[in-house]
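Subject: Structure for your files, with notes

Dear colleague,

Here is the structure I said I would pass on. My notes come after it.

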Amino acid sequence: GIKFNASTDLKSLVDSIYEEKLSKVAGLIRSWNKRYLTVFGKVTLIKTLFLAQLVYLTVPLPRPNENILKSIDTMMFNFLWGGKRDKIKRDIAIKSKELGGLDMINFRTFIVSLKVKLVFKLFDNVFQHTWKENIN
């Protein structure tokens, strides 16, 4: 668990929450590294299993610090390429398959898109949810 007290600042708390979750993701990656998967299979795992561990943190918490974002990128791309040097540039890998990419996720952009979507839901008069009612 995460240990904090009254003097713990928000940034330190957020960092420790992300770091704890990253250690869980690292364990998942270790277990899946033993399997022979295609690059597209690995992208699917990254997007559905590994990032699912982080998604619910990204909406309510502030953006993680740059070192944590780099760790996430490094983990994902190391898994993608089997711990070896990237075979294609990352900005190409994140492009759609139709544009010659792998449809890999850009985690920084992903965080922003989740937060923007939340803002749109907040101001959407048709969208109804308990959390929205509690804010209003």
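The notes below go from the whole chain to single residues.

Please keep in mind that this is a predicted model.

Overall picture

The protein chain is helical, with seven helices and zero strands. The pattern along the sequence is accordingly α-α-α-α-α-α-α. The C-alpha trace spans about 50 × 40 × 25 Å along its principal axes. The chain has 136 residues, of which 29% count as buried. If one takes the contacts between residues at least 6 apart in sequence, 64% of them join residues at least 24 apart.

On the surface, the protein chain exposes about 8,900 Å², and 59% of that area is supplied by carbon and sulfur atoms. As for charge, there are 23 positive and 12 negative side chains. The centres of these two sets lie 7 Å apart.

Aromatic pairs

There are two aromatic pairs in the structure. One of them is formed by Phe 50 and Phe 79, which meet edge-to-face, with 5.0 Å from centre to centre and 80° between the planes. Phe 50 belongs to helix H2 (residues 39-50) and Phe 79 to helix H4 (residues 66-80), so this pair ties together parts that are 29 residues apart in sequence. Phe 50 is buried, at 0% relative accessibility. Phe 79 is buried as well, at 1%.

Phe 107 and Phe 110 also pair: their ring centres are 6.4 Å apart and their planes stand at 40°, so the pair counts as tilted. Both residues lie in helix H6 (residues 107-123), three residues apart, which is about one turn of the helix. Their exposure is worth noting residue by residue. Phe 107 has a relative accessible area of 2% and is buried, whereas Phe 110, at 21%, counts as partly exposed. The cut-off for buried is under 20%, so Phe 110 with its 21% falls outside that class.

Charges over rings

Phe 79 appears again here, since the charged end of Lys 42 sits over its ring, 5.5 Å from the centre. In addition, Arg 35 lies over the face of Trp 32, at 4.3 Å from the ring centre.

Single residues

Asp 73 is located in helix H4. Its relative accessible area is 16%, and Asp 73 is therefore buried. Which residues does Asp 73 contact, leaving aside its neighbours within four places in sequence? They are Arg 90, Phe 107 and Arg 108.

Leu 54, in helix H3, is buried, with a relative accessible area of 0%. Not counting residues up to four places away in sequence, Leu 54 touches Tyr 18, Lys 21, Leu 22, Val 25, Ile 72 and Phe 107. Phe 107 is thus found among the contacts of Leu 54 and among those of Asp 73. From Leu 54 to Asn 65 there are 11 residues in sequence and 14 Å in space, C-alpha to C-alpha.

Pro 64 is in the loop between helix H3 (52-58) and H4. Although in a loop, Pro 64 is buried, with a relative accessible area of 1%. Beyond its neighbours within four places in sequence, Pro 64 is in contact with Lys 11, Tyr 18, Leu 69 and Ile 111. Tyr 18 is therefore a contact of Pro 64 and is also touched by Leu 54.

Asp 103 lies in the loop between helix H5 (90-93) and H6. At 32% relative accessibility, Asp 103 is partly exposed. What is the phi of Asp 103? The angle is positive, about 65°, although the residue is not a glycine. Most residues other than glycine have a negative phi. Asp 103 and Pro 64 are 39 residues apart along the chain, and their C-alpha atoms are separated by 23 Å.

Regards

Conventions
Residues are numbered from 1 along each chain as its sequence is written. This is a predicted model: local features need pLDDT of at least 70, side-chain atom pairs count only at pLDDT 80 or more; totals for chains, interfaces and linings use all residues. Side-chain values use heavy atoms; hydrogens and water are left out. Helices (H or I, at least four residues) and strands (E, at least two) are DSSP runs, numbered from the N terminus. Buried means under 20% relative accessible area, exposed over 50%, partly exposed in between (1.4 Å probe, protein chains only). Contact means heavy atoms within 4.5 Å. Accessible areas come from the Shrake-Rupley method with a 1.4 Å probe; for residues, only the protein chains shown count as cover. Lys and Arg count as positive and Asp and Glu as negative; His and the chain ends are not counted. The place of a charge is taken as NZ of Lys, CZ of Arg, CG of Asp or CD of Glu. Rings of Phe, Tyr and Trp (its six-membered ring) pair if their centres lie within 6.5 Å; planes under 30 degrees apart count as stacked, over 60 as edge-to-face and the rest as tilted. A charge sits over a ring if NZ of Lys or CZ of Arg is within 6 Å of the ring centre and within 35 degrees of the ring normal.
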